[in-house]
Amino acid sequence: MANGTATPTDLDTRLEAHRTELTGYCYRMLGSSFEAEDAVQDTLVRAWRSYDKFEGRSSLRSWLYRIATNVCLDMLTAGNKRARPMDLTDSPPLAQAALSPRPDNTWLEPMPDARVLPTTDDPAEAAVAKETVRLAFMAALQQLPAKQRAVLILREVLAWKASEVAELLDTSVASVNSALQRARATLAERQEPGADAAVSDPLDEDQQKLLDRYVAAFEGYDMTALTALLHEDAVMTMPPFDLWLTGVRDITGFMTTLGAPCAGSRLVPVQVNGLPGFAQYKPDPEKGGFSPWAVQVLEISDGRITGFHCFLDTQRWFPLFGLPLHLEAEADQVEERA
């Protein structure tokens, strides 16, 4: 089909076919779910408007990545680096814990797997895609200068050739290789021991049993059972608050004091950032049933939970994940009995 003869419907279909992988790319670049989706929409609109100028010297996919890269680099000119609480503050002892919120644009944001992980029949490709949207890797990416970030994602995640990246960025192969070397060095310095490296895809039997025990412990608010599941150096975060806690004693201590209203919650499984996760619904004393409270992302290593990350801005996150903003108590109990 010649570029000039594509019908609007044909072109929309061809562009939309790239939405998921472009969203994954922009999410890795920007660290924000909503900014990534905005960037992709901007990319597709620009492509649609300028398609008659597309000369076909590269593939449509390469052309879209060029546009998306420029959109992301423009959005990153403000220099904002999205972060996790542990990237910004020290972990205080529980006695000094205070819930101090920071603006939304401070935080690395969660993302549903379905929006950023394209369908593939290649297990190795699927594994790389999942590993490179996990929170620890995403946080490390945010420490890279914007162009190094683009080079590393294109070369290491998407497996582009250095010559292809050089053409996309209008630079030399030597410059691309240098940027990649520096980016790799930065990531190596920030590599966290354990982190979530032991999460298999799909979850193995022991990991699934660990999650089942976690659900039972959390919904029963059984701190003894939860203690048995947490790594001794486990970390708990709660964006938009900059507080983060480390160690079983402080985490369970927080849950029975400031976090006590979460007792009696219900957990609904979600697939988030290539990791196991849950939508947490807290009892609603006014309306009855359960109201949204957090999207939880769990990191696992050596048969224990090492990271317990709760994203609390439910009016933003629950619609993004396609989750209801209320659970009826009776329906929930019927499901439990079933």
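This passage looks at a six-stranded sheet and the helices that pack on it. The model is a predicted one, in which local features need pLDDT of at least 70 and side-chain atom pairs count only at pLDDT 80 or more, while totals for chains, interfaces and linings use all residues. Residues are numbered from 1 along each chain as its sequence is written, and side-chain values use heavy atoms, with hydrogens and water left out.

The sheet is open and mixed in its pairing, with its 6 strands in the order 2-1-6-5-4-3. Strands here are DSSP runs of E with at least two residues, helices are runs of H or I with at least four, and both are numbered from the N terminus; two strands pair if DSSP finds at least two bridges between them. Strand 2 (241-246) and strand 3 (266-272) sit at the edges with a single partner strand each, so one side of each has no neighbour in the sheet. On average, neighbouring strands are turned by 20° against each other, direction ignored. Axes are lines fitted to C-alpha atoms, for helices over the stretch in contact, and angles run from 0 to 180 degrees between N-to-C directions.

Strand 5 (residues 290-301) and strand 6 (residues 304-311) run antiparallel, paired over 7 bridges, and V295 stands opposite F311 in strand 6. Helix 11 (residues 205-219) packs on the sheet, touching strands 3, 4, 5 and 6, at about 140° to strand 5. Contact means heavy atoms within 4.5 Å. Helix 13 (residues 248-255) packs on the sheet too, touching strands 1, 2 and 6, at about 45° to strand 1.

Helix 13 is largely enclosed by the rest of the structure, because 7 of its 8 residues are buried (under 20% relative accessible area with a 1.4 Å probe, protein chains only; exposed is over 50%, partly exposed in between). Among them are V248, F254 and M255. The buried residues of helix 13 pack against helix 11, helix 12 (223-229) and strands 1, 2 and 6.
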